[in-house]
Number of protein chains: 2
Amino acid sequence: MMDTPLTLVQKIERAEKFFSKKQVVSRTSSKIHRLTYKDVGERARALSSSLEKLGVKKGDCIATLAWNHHRHLEAYFAVPCMGAVLHMANFRLSEEHLSYILNHAEDQVILVDEDIVPIVEKVQDQLKTVKAFVIMTDKDSLPSTTLSPAYSYEDLIADGDPTFEYTVDIDENDPAAMCYTSATTGKPKGVVYSHRGLVLHSMALGLSDTLGLSESDVLMPVVPMFHVNAWGLPFASTWFGTTQVLPGPMFTPKLLAELIESEQVTLTAGVPTVWLGLLNELEINDYDMSSLRAVVCGGSAAPRGIIRAFESKHGIPFLHAYGLTETTPVVTAARLKSYQQDLPEEEKLDIRSKQGLIVPGLEAKVVNDRGEVKRDGKEMGELLVRGPWIANEYYKDDRSEEAFRDGWLHTGDIATIDEEGNIKLVDRTKDLIKSGGEWISSVDLENTLMAHESVFEAAVVAVPHPKWIERPIACVVLKDQYKESVTKEVLFEHLKAQFAKWWIPDDIVFIEQIPKTSVGKFLKRTLREQLKDHLVEKA
Amino acid sequence: MMDTPLTLVQKIERAEKFFSKKQVVSRTSSKIHRLTYKDVGERARALSSSLEKLGVKKGDCIATLAWNHHRHLEAYFAVPCMGAVLHMANFRLSEEHLSYILNHAEDQVILVDEDIVPIVEKVQDQLKTVKAFVIMTDKDSLPSTTLSPAYSYEDLIADGDPTFEYTVDIDENDPAAMCYTSATTGKPKGVVYSHRGLVLHSMALGLSDTLGLSESDVLMPVVPMFHVNAWGLPFASTWFGTTQVLPGPMFTPKLLAELIESEQVTLTAGVPTVWLGLLNELEINDYDMSSLRAVVCGGSAAPRGIIRAFESKHGIPFLHAYGLTETTPVVTAARLKSYQQDLPEEEKLDIRSKQGLIVPGLEAKVVNDRGEVKRDGKEMGELLVRGPWIANEYYKDDRSEEAFRDGWLHTGDIATIDEEGNIKLVDRTKDLIKSGGEWISSVDLENTLMAHESVFEAAVVAVPHPKWIERPIACVVLKDQYKESVTKEVLFEHLKAQFAKWWIPDDIVFIEQIPKTSVGKFLKRTLREQLKDHLVEKA
């Protein structure tokens, strides 16, 4: 067979050649832009040529600090296709971590949204390798800034060559992009994505049994483009000629609902907190959501109640998936097998609220001290993953050895696997509650709490205990209308109906909101810290 | 990213682990067998272990001469997963060509169906490398044969190790399988498929916009498993856990219709002559074909009339695809883009009767003496293809240089490409009619003839002409009920309504049947030979 490499160049070329009329709908702070893939392709090529003029060479890292919009999409292709590396940086990191990752990646140029400029200005004195700042603004003139030298993105595009050819020699194993992931302790850890990994991952997204992403879809990635390639969706959908709707900065649930309705979105993807927000909005106002063929949910386990609400109440199919920054990210998708279609609704919901089956191309196993766990959906172990879109190290980082051992990524996720092969996350290694030598899943408790009609959000954390080493405490945010009426006793009864006695949390604490990470995940470390003396004091 | 190789081992393991209950329905000469993927996996492993005991090593070629059934499927995995090379041999070749390919591939073991044993017996004295024959029979005892040493497939399985592990080190670029393709002149040419090529090709088959092959499908590959990996379908469907229905030896249109109805087949694939036969059967007898979501057609261009008949008359969606032995084989699929769904029916049929858009992962261009042709759907040129599942040579064959030049496969197919990127084959290079310096497409003329209600089949060939160098002659097989009533004048009128005067064949000759190759394609060489003096004599 020919040794033609798997690279992103072919993807943008396919969109330009065969889907030149298809649209990218992009919301920025000032308006909704409508571009075709012909426009996006020409603008990406112009950007590449201008970056080359700024001195960018093969292998150089270029950072983006940006929301989901067309300019970010252009950079997704302009940078890797010229042989450089797209560093999608999370601008919500602390100043210390942000300057660390920009320096650690040795970013040469930073592309930054106008509203994010103040964040970069704060760290600019710490930046050691950055030679230029490009400001992605709708305005005709460059906003006033202390960043220097600063260029206008649109000026660069206007001066660039829209026919620039991607002739640089790219090996499929060359780096194309990178992201940093927060560590439990210490600095963020970098993950480098190869062209090969991104192409194979895109193929996986197009498979019928995964997302089935198609030309006929209208895709709205709500997951940020600074977070694990927006789950690879912009790469794959450009390749397949899918219409993209990019929701831009500071979106609200109302805005998302309006975009789904007006643009006839068929597929959208984001974390559970986003979908909780959308559910609330759908309860307040009426929207036509009938174009949606699936809401894809990942990033954290979606509470069963969310799935039920989307499907039963609103008739919107919900698809649960799982992945990590280290895995490009899609690892599993929770779909019913053909012979499960006629099971009772609750059993189907049981299956579909798991993380699901490993997608074709990857391998997984769940192991604990005794080896691979039984496929009984009960025995817990750590989930290990391997395959061509799984990282094999953290970028220039001593902590690699911990996670990458014996050819497998040790995910740090505690999971079970059932007879059918469905993986279910029960906890993060660090969030698992180890009570008297037995394991208690904080996630199972949380999901059961969140299935109660009065509960908006719940987090269960391990708290030091004088006798049992650790015991669970539940932190619950009640829905406004239940705040006066629901007591902790009501919720204890709800839990006791479903769990063994020793799983029941030692206390339920009502709080106003659950602290979250910059990508919307529960920040349990903070809660553990706040509650560390709770049981000791009580005892 | 991890450098885990793309191999077939992962595919069979996925079926064994996650789709162990799903079925392979296999028809042999004596009965319908029903196996699970657990069975198929164990039997494949047992076969591998027995082949190893017979002395088969990594890189050895093992031939199969067999119909579509479960034992052939087992060999599809048993051979490549132990590092050997599966040579799917076409037993319908002439004795000279059959012994040539078995010797040229240096086959060590031949797996042969009981009813094909006599064919192998005829060439056995010419075979230089074969150390053993394995007879794939349902019977308890080995049939009497002069082949020696001969083993019973089921005895080998019974003695083999169903837990045999695929531990041999396989590089993704290692050969996994091979097929020979007939040449216009001379011996067949060998094409070697790598593990990487077969895995990537399988992914392409699973993409929503290609075949969308899924676990939920019930697939019946009618295309022979000795012909280009049965279009890669057995590999892909095993990977995805798709139910397979293998129609076995000497099937008839009636048998295919019965299997579709009884097994609730959702997807089936074959050449136009097979579908013409099925159409005839559907006109004679009633069947419930409602399970079919698509009939996939390739191998030759499907006449527009077939597509119309399947869809309008029988409500069966028809999908046109294109590929070659050299291309694993899928290169294009003819699907409407989302914005074409509302076009008038006839315009949609125009698009869908083309070969379609190049699938993600491959690149194509159409070139003639003036360079790349205009994307106007009119200018003709040769189709060139490249990508990771396109061959880069013929196996140990001097004729490679002709077809593989400048990094592209020169397909020998004359095509046009339209504004949307759809490729349409107009002829084989060797069948194109070059009349007075202009090109005439034999395929266009044939399809128009076959669209006439009276015509069963038609082939148009170039015949030497004293003035114009070449002129077209049409050879037509009329449907039985029209044989008395339809004259050549009727068909001339039909053609004149649609083509320029100089395209109209110089004569129409009625014949009883069109000679065909062993895989059902028109054998125009024979017709050209028969008619070579037709116009000279007339003149």
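A residue counts as exposed when its relative accessible area is over 50%, as buried when that area is under 20%, and as partly exposed in between. With that yardstick in hand, B:Asp406 is easy to place: its relative accessibility is 71%, so it counts as exposed. The structure you are looking at is a predicted model. Here is a friendly tour, from the whole chain down to single residues.

**Overall build of chain A**

- Chain A contains 17 helices and 27 strands.
- Its radius of gyration is 23 Å, close to the 24 Å that the globule rule gives for 539 residues, so chain A is as compact as a globular protein of that length.
- The C-alpha trace of chain A spans about 70 × 55 × 50 Å along its principal axes.
- Of the 539 residues in chain A, 64% are buried.
- Take the contacts in chain A between residues at least 6 apart in sequence: 69% of them join residues at least 24 apart.

**Surface and charge of chain A**

- About 20400 Å² of chain A is exposed, and carbon and sulfur atoms supply 49% of that area.
- Chain A carries 60 positive and 79 negative charges, and the mean positions of the two sets are 2 Å apart.

**How the two copies relate**

- A turn of 180° with a shift of 0.0 Å along the axis lays chain A on chain B, with an RMSD of 0.1 Å.
- The two copies are thus related as by a two-fold rotation axis.
- Within chain A, the C-alpha nearest the axis belongs to A:Leu207, at 2.2 Å from it.
- Both copies use the same surface, as 100% of the contact residues of chain A recur in chain B.

**Backbone features worth a look**

- Most residues other than glycine have a negative phi, and most peptide bonds are trans.
- Against that background, the peptide bond from A:Ser148 to A:Pro149 is cis, with omega near -5°.
- A:Pro149 sits in the loop between strand S6 (132–136) and strand S7 (150–152) of chain A.
- In chain B, a cis peptide bond links B:Thr328 to B:Pro329, with omega about 10°.
- B:Pro329 is part of the loop that runs between strand S14 (318–323) and strand S15 (330–334) of chain B.
- B:Met250 is a residue other than glycine with a positive phi, near 45°. B:Met250 lies in the loop between strand S11 (243–246) and helix H9 (253–263) of chain B, and is exposed, with a relative accessible area of 59%.
- B:Asp406, introduced above, also has a positive phi, near 55°, though it is not glycine. The loop that holds B:Asp406 is the one between strand S20 (404–405) and strand S21 (408–417) of chain B.

**B:Leu409, a buried strand residue**

- B:Leu409 belongs to strand S21 of chain B.
- With 1% relative accessibility, B:Leu409 counts as buried.
- Not counting residues up to four places away in sequence, B:Leu409 touches a residue of the other chain, A:Met2, along with several from chain B, including B:Leu324, B:Glu326, B:Thr327, B:Leu383, B:Val385, B:Ile390 and B:Phe404.
- One of these partners, B:Thr327, is 82 residues away in sequence, while the two C-alpha atoms are 8.9 Å apart in space.

**B:Lys187, a partly exposed loop residue**

- The loop between strand S8 (175–181) and strand S9 (189–194) of chain B holds B:Lys187.
- B:Lys187 has 30% relative accessibility and therefore counts as partly exposed.
- Leaving aside neighbours within four places in sequence, B:Lys187 is in contact with B:Glu96, B:His97, B:Tyr100 and B:Arg399.
- B:Lys187 and B:His97 are 90 residues apart along the chain, and their C-alpha atoms are separated by 6.4 Å.

**B:Asn447, a buried helix residue**

- B:Asn447 is found in helix H14 (residues 442–450) of chain B.
- B:Asn447 counts as buried because its relative accessibility, 16%, falls under 20%.
- Beyond residues up to four places away in sequence, B:Asn447 touches B:Ala302 and B:Pro303.

Methods. Residues are numbered from 1 along each chain as its sequence is written. Chains are lettered from A and ligands numbered from 1 in the order in which they are written. This is a predicted model: local features need pLDDT of at least 70, side-chain atom pairs count only at pLDDT 80 or more; totals for chains, interfaces and linings use all residues. Side-chain values use heavy atoms; hydrogens and water are left out. Helices (H or I, at least four residues) and strands (E, at least two) are DSSP runs, numbered from the N terminus. The radius of gyration is taken over C-alpha atoms; the globule rule is 2.2 Å times the number of residues to the power 0.38. Buried means under 20% relative accessible area, exposed over 50%, partly exposed in between (1.4 Å probe, protein chains only). Contact means heavy atoms within 4.5 Å. Accessible areas come from the Shrake-Rupley method with a 1.4 Å probe; for residues, only the protein chains shown count as cover. Lys and Arg count as positive and Asp and Glu as negative; His and the chain ends are not counted. The place of a charge is taken as NZ of Lys, CZ of Arg, CG of Asp or CD of Glu. Copies are superposed by least squares on the C-alpha atoms of residues with pLDDT of at least 70 in both.
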